[in-house]
Amino acid sequence: MMCQKIMDRKIFHSRVKSEDVTPAEKWLGYLLGPAGALLLNAVLATYLNVYYTDVLKLTTVWGGAFLVVFPIISKIIDAITNVIMGYIIDRTRTAQGKARPWLLLSAPLLTVTGILLFTVPSASETVQVIWVMVSYNLFYSFAYTIFTANMYRLGWDERNGGNISCLLDEGEVREYLDLNGVLRTIPLGFNAAPLAGRLFLVTGTGKYFKNMDADPENNLGVVRITSDGQAADLLWGYRDGGRFTSEFPAHLMSHIARLAVDPENRVVMHTHPTHTLAMNYIHELDEKKFTHTLWEMCTECIVVFPEGVGVLPWMLCGTTSIGEATAAKMKDFRLVVWAMHGIYGAGKTMDETFGLIETVEKAAQIYMLTAHLPRRNTIQDDQLRELAEFFGVNYRKDFLL
Ligand SMILES: [Zn+2]
């Protein structure tokens, strides 16, 4: 309550009020704002380990075990505080929004905890160990968490949501990659024998789409399905020791299903489009009715996805069963909605696949904007038929009344 009152003061009014973002706001918000935190992070990434090993000589503490156990415990604490901060932010209500107060608070905290990291007193080993533990966790689990958690909650990025896999031609890859240089072999957890020897470019597990561009070698991988179909040989990427998305089995099963009906299919894409997701909560999850509503929302829809949209009920993701269910739908549809989760799309190119999902999302957005209002007009079934026949697409006739 007191915090709320303080935050309502004029000095904290940092919201952009002008219609277009001014250059000053751009420089302050996007350049100077994150610059300090990122600089500090760069310094830590470079010097903190050197400081811990060469200056404090922590390598000898607990017979060397301290430097092994300490980062693991710290990551666990970090994970827990991330969840707690998200919970707190979601329940914060001020005139400045839910995230901004914490963003402001994180600035001095980052500075203070950042200094504490490098000012370990020259006391007994026990005091030093406690200081390192506390300061390190204060910095990463508290101050830094507030900062990054806020970036997500301001809507700039949605964590590691989404994944893409793209079938590659050996000819395309040969000039860039050594096709015999296997870095690692990663088990698949199911039999992908129909794809043995095929190459895929696939996003990594836990990786953020926003980072792909800046560091593709870490966030992406090129893999080749082994001859027995049980594993994938890593030829390039996942530099930090990572692996492909946990949805890769679902992707591969979808590739197998799509290739059987369209030998030119190359891309499988999974994402969490907001309005499509919102529609899941208020619309019947029957694929005939769901498709019909989408077709009614934009004239282009029946032409773009004439076969309609498959819909799966809510299922546990990352499993073989959701992969099998998706692949079964992919025999009839290039688009499969995962209820209350997101959507799968398949196509010949990235553009086609993205365009399919984009068109569903547009229709869902119009639905969400109008669903609560009296409907005075709509595209009639006869008009949908006329459209599909004019453009010569093979539409699901049984999805019309
Ligand atoms: Zn997902």
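Donors here are N, O and S atoms within 2.8 Å of the metal, and since water is not among the atoms, a site may look incomplete. With that in mind, let's walk through the zinc site of this predicted model and the strands around it.

**The zinc site**

The zinc ion is coordinated by the NE2 atoms of His-270, His-272 and His-341, at 2.1 Å. Along the sequence, these donor residues follow the spacing H-x1-H-x68-H. His-272 sits in the loop between strand S6 (267-271) and helix H10 (274-282), while His-341 sits in the loop between strand S8 (335-338) and strand S9 (342-347), so this pair ties together parts that are 69 residues apart in sequence.

Is His-341 buried or exposed? Its relative accessibility is 18%, and because buried means under 20%, His-341 counts as buried.

**Strand S9 and its partners**

Just after His-341 in the sequence comes S9, which spans 342-347. S9 is mostly covered, with six of its six residues buried. In a regular strand, side chains alternate between the two faces of the sheet. Both faces of S9 are covered: on one side lie Gly-342, Tyr-344 and Ala-346, on the other Ile-343, Gly-345 and Gly-347, and all are buried.

Which strands pair with S9? S6 does so in the antiparallel sense, over five bridges, and Val-268 stands opposite Ala-346 of S9. S8 also runs antiparallel to S9, joined to it by four bridges. Within that pairing, Trp-338 has Gly-342 in S9 as its bridge partner.

**Two residues with positive phi**

Most residues other than glycine have a negative phi. Two residues with a positive value are worth a look as you turn the model, and the table puts them side by side.

| Residue | Phi | Loop | Relative accessibility |
|---|---|---|---|
| Tyr-238 | near 45° | between S5 (231-237) and H9 (248-261) | 1% |
| Met-340 | near 55° | between S8 and S9 | 31% |

Tyr-238, in the loop between strand S5 and helix H9, counts as buried because its relative accessibility is 1%. Met-340 counts as partly exposed, since its relative accessibility is 31%. Met-340 belongs to the hairpin of S8 and S9, which has three residues between the strands. The loop between S8 and S9 also holds the zinc donor His-341, so on this stretch you can find both a partly exposed residue, Met-340, and a buried one, His-341.

Definitions and conventions. Residues are numbered from 1 along each chain as its sequence is written. This is a predicted model: local features need pLDDT of at least 70, side-chain atom pairs count only at pLDDT 80 or more; totals for chains, interfaces and linings use all residues. Side-chain values use heavy atoms; hydrogens and water are left out. Donors are N, O and S atoms within 2.8 Å of the metal (3.2 Å for Na, K and Ca); water is not among the atoms, so sites may look incomplete. Helices (H or I, at least four residues) and strands (E, at least two) are DSSP runs, numbered from the N terminus. Buried means under 20% relative accessible area, exposed over 50%, partly exposed in between (1.4 Å probe, protein chains only). Two strands pair if DSSP finds at least two bridges between them.
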